[in-house]
Amino acid sequence: MKIEKDLEAEAFLEALQAADWDSFTPERDLPPLRAALAGLQDRHYGLVKDAHRYTTGRLKEHGAVLFHQDVHSGPLTACALSPCGRWLATAGGALAIWEVPEGRCVNVIDVPEGADQIRWSSDGTRVLTGKGTWDPFGAGGALDEQVRAPAPASSALSSDGRRAVLEADGVTILDAAGRHLYDLDSAPRAWAWSPDARQGACLTTADEIDIWTLGDGAEKTDVLHFAPTDATGVLWGADDIVVSTSATALYFNRTDGAFIGCHHFNLRPSGPRPLELDGRDLAEDFPRDPTYAFDPDTWAAAFSSGVVIAPTEHDEYATLLPASLCWAVGRRFAWPAEWGGLEVVPDAIAAVDHLPPPDRERLASFRGPGLPFPATRGWPPPNAGTVDDLFRTFETAYDETESPQQIWAEEVLRGAAVIRARRGEVRQALDLVAKQRDENRPHAAAEVAMILGDRTGFPHTDDEIETMWRGRAAVAGAVGGACAALGDTSRADRWFGRAREAIPSSDAWRDRLPVIWALTECGREDEARALLDEGTGVPVWRDDVPYLGYLLRRGETGRAEELLRAGWFEDWQAVRLLVRHVLPDLLELYGERHNVWVKDSLAEARRTGESAAEDVETLKQAHTDLLKIPLVRRDHETADLVRKATELGHVGAVLDLLPVLPLPDQYGVNGSDRPAAAFAALRIITTGADVDCW
């Protein structure tokens, strides 16, 4: 297929219409055709003609797909040029392939986390990463999961053996034998040689690129002023294109000063994403997320067929739209989006009418609501929620969890039952005990009975307990406490004795402290103090924080101060408890003893009732930031906002956020799952800290 490059618009269109498109081969035909059409556009002062639009239509028939350029969900961790310099591979949440002379991404490949090294094979047909080998122009899937990328060659070494040595105040060029050739007065951050080693590009600390010609002498022939802020790398690709990189951006410049394009990643506009509906982002149903950041404040969506959801009223729409998109042909070549083929619509409802299957079916839900985006409302909602509402949310999430991990299930149900017991809610506490597995029920029942006494009873026999206690001091101590609370002194003595015997060593505080709690709870304070004094060292991690909460709830601040001076309560949850109980002297002591700044923590004291105005503003801003994150990657940040709202006492915000979190998957429960986040919120709301309630 051959088209004369200097034809005028009408003749060009006629030649295209007469061409043999059945024989079209992208590798052979697309680059010269693209160059000829670029020349036609230049001759017509940048105008797109019918020839451009006709060619784009024919390329779509040959499989061209629309790509947005917001391809990296994380910071750029690696980049490498192909041996010919025509393609660039970048890593950062995905592996992206860029056609360097066009400055456009033409393929995106999902790779496992940790693919943070990149090296091309010598023939340019494979890309080696830290997680395997990939076809850079394929649809995805590792060719070899065992091969690992070697360390990339130094960009400071030229093809003829010369070396650039980067120093604080300049660049020194050495020949292959290490002899001094030139000193360059560029303040360097990175260096790249041209393929023929006759020139070099120096990325400077001023985020500019000095172009040096290195022959008989050294001459700075140009300065490129377009580079990312805080740029970290520079590469010299085919057709004298220089690529500069930072953690969040790529810039493409020609060495004669022409600006090719730039792309910024990790932008998170605050508005709603265009495919979110009823709390779910339908973008996750697509093989590749069509949603992208149109600019720092606006989302858009681009579909492979050419349909685009974009703000046509935007002041820079005509410039930003083609800059953010391109057609990709054969996952290898870029074709300008401004050359036609786009169908721009204002919202997802309008997009449904233009999309072909199966994308149309993926957005079919938008045909029902009759709104371009889900209805929005002010946030946070009124703080009208109650602890009972929070309990119901937790229990519903627990009941909906399929086969919860046994250890996690035992701990959270027992913890929730103790909170209910502390609140004097007998029936609700016993309902939670009943949810336990048979082998775990006596332990939970004992802790509840230890608190509520004869209002609950303790129906479990010693023979029954023998089969499940497995030498655990905490279980024996709870049983002893329950028996003491019910007046069965001899049985209590027996189980407390077994609890002491089960403590493996004097510094085993994880086993010792629950027994001290049980002895204290049933009035045996002298025995509890003796058991405390027998211990050595200080508890590790947060084993001692539940005991601090217990002491503060009982008003025993003297005992808490004594232990704090001895080095106890190092975990930060202890600060939350001191804030909850408004104890500035102990907070100051905590800061001195553990060398931590804590004075600001007093301002975070949990308030009851309506949150203060500044707290509402804090939550509002955090929620605005949350909406900038794609819904499919929002779980961890949502759980963090649940915790923040909980610590500020805004139960209404907590109840609004929890249903958005997922239920656990087959791999178990994590802190971002709904039941775990709900239980953590329960503990913080009722006790002041995310630790066991004693």
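**Notebook: confidence, one helix, one cavity, a few residues**

I began with the weak parts of this predicted model, and noted that pLDDT stays under 50 over residues 605-611, for which the model nevertheless has 20 contacts beyond four places in sequence. Residues 613-627, which form helix H20, have a mean of 83, the lowest confidence listed for an element of the protein, whereas strand S26 at residues 333-336 has the highest, at 98. A second stretch, residues 369-376, also has pLDDT below 50, and I counted 15 contacts for it in the model beyond near neighbours in sequence. For the protein as a whole I wrote down an average pLDDT of 89, with 94% of the residues scoring at least 70.

**Helix H10**

I next checked the geometry of helix H10, residues 441-452: at 1.5 Å a residue its 12 residues should span 16 Å, and because its end C-alpha atoms are 16 Å apart, the model agrees with that expectation. I then asked how many of the residues of H10 are buried. The count is 11 of its 12 residues, so I entered the helix as mostly covered, taking buried to mean under 20% relative accessible area. The buried set includes His-443 and Glu-447 as well as Val-448, Ile-451 and Leu-452. I looked up what these buried residues pack against, and found helix H8 (406-422), helix H9 (426-434), helix H11 (462-466), helix H12 (473-485) and helix H14 (509-521). Just after H10, Gly-453 takes a positive phi of about 60°.

Within H10 I singled out Met-450, which counts as buried because its relative accessibility is 3%, under the 20% limit. Not counting residues up to four places away in sequence, Met-450 touches Ala-478, Gly-481, Ala-482, Ala-485, Trp-517, Ala-518 and Glu-521. I also took the separation of Met-450 from Glu-592, which lies 142 residues apart from it along the chain, and obtained 36 Å between their C-alpha atoms.

**The second largest cavity**

I searched for enclosed space and found that the structure holds 2 cavities of 30 Å³ or more. The second largest cavity has about 40 Å³ of space, and I asked which helices each supply at least two residues of its lining. They are helix H17 (557-565), helix H18 (573-580) and helix H19 (584-594), with the largest share, 3 residues, coming from H17. The lining is made up of Leu-548, Ala-560, Glu-561, Leu-564, Phe-569, Ala-574, Leu-578, Leu-586 and Tyr-590, which I sorted into 8 nonpolar, no polar and 1 charged.

In the loop between H18 and H19 I came upon Val-582, whose phi is positive at about 50° although it is not a glycine. Val-582 is exposed because its relative accessible area is 52%, which is over the 50% limit.

**Other backbone entries**

I kept a list of unusual backbone values, since most residues other than glycine have a negative phi, and most peptide bonds are trans. Asp-207 has a positive phi near 60° and sits in the loop between strand S13 (199-204) and strand S14 (209-214). I asked whether Asp-207 is buried or exposed. At 17% relative accessibility it counts as buried, because the cut-off is 20%. The peptide bond from Pro-357 to Pro-358 is cis, with omega near 0°, and I placed Pro-358 in the loop between helix H5 (348-354) and helix H6 (359-362).

**Two further residues**

Thr-291 belongs to strand S22, residues 291-295, and I recorded it as buried because its relative accessible area is 5%. Leaving aside its neighbours within four places in sequence, Thr-291 is in contact with His-68, Arg-273, Pro-274, Leu-275, Ala-283, Trp-299, Ala-300 and Ala-301.

Asp-635 is found in helix H21, residues 635-647, and with a relative accessible area of 29% it is partly exposed, because that value falls between the limits of 20% and 50%. Beyond its neighbours within four places in sequence, I found Asp-635 in contact with Leu-661, Pro-662 and Ser-672. I also looked up Asp-635 against Arg-674: the two are 39 residues apart in sequence and 9.5 Å apart in space, C-alpha to C-alpha.

Note on methods: Residues numbered from 1 in each chain as written. Predicted model: local features only at pLDDT ≥ 70, side-chain atom pairs only at ≥ 80, totals over all residues. Heavy atoms only, no water. 1 Å grid on protein atoms, 1.4 Å probe; cavity = no way out; pocket = protein on both sides within 12 Å on 5 of 7 lines; lining within 4 Å. Points joined across faces, edges and corners; volume = space filled by probe spheres on them. Helix = DSSP H or I, 4+ residues; strand = E, 2+ residues; numbered from the N terminus. Nonpolar A, V, L, I, M, F, W, Y, C, P; charged D, E, K, R; others polar. pLDDT = per-residue confidence, 0-100. Contact = heavy atoms within 4.5 Å. Expected span 1.5 Å × (residues − 1). Buried < 20%, exposed > 50% of the residue type's maximum accessible area, 1.4 Å probe, protein only.
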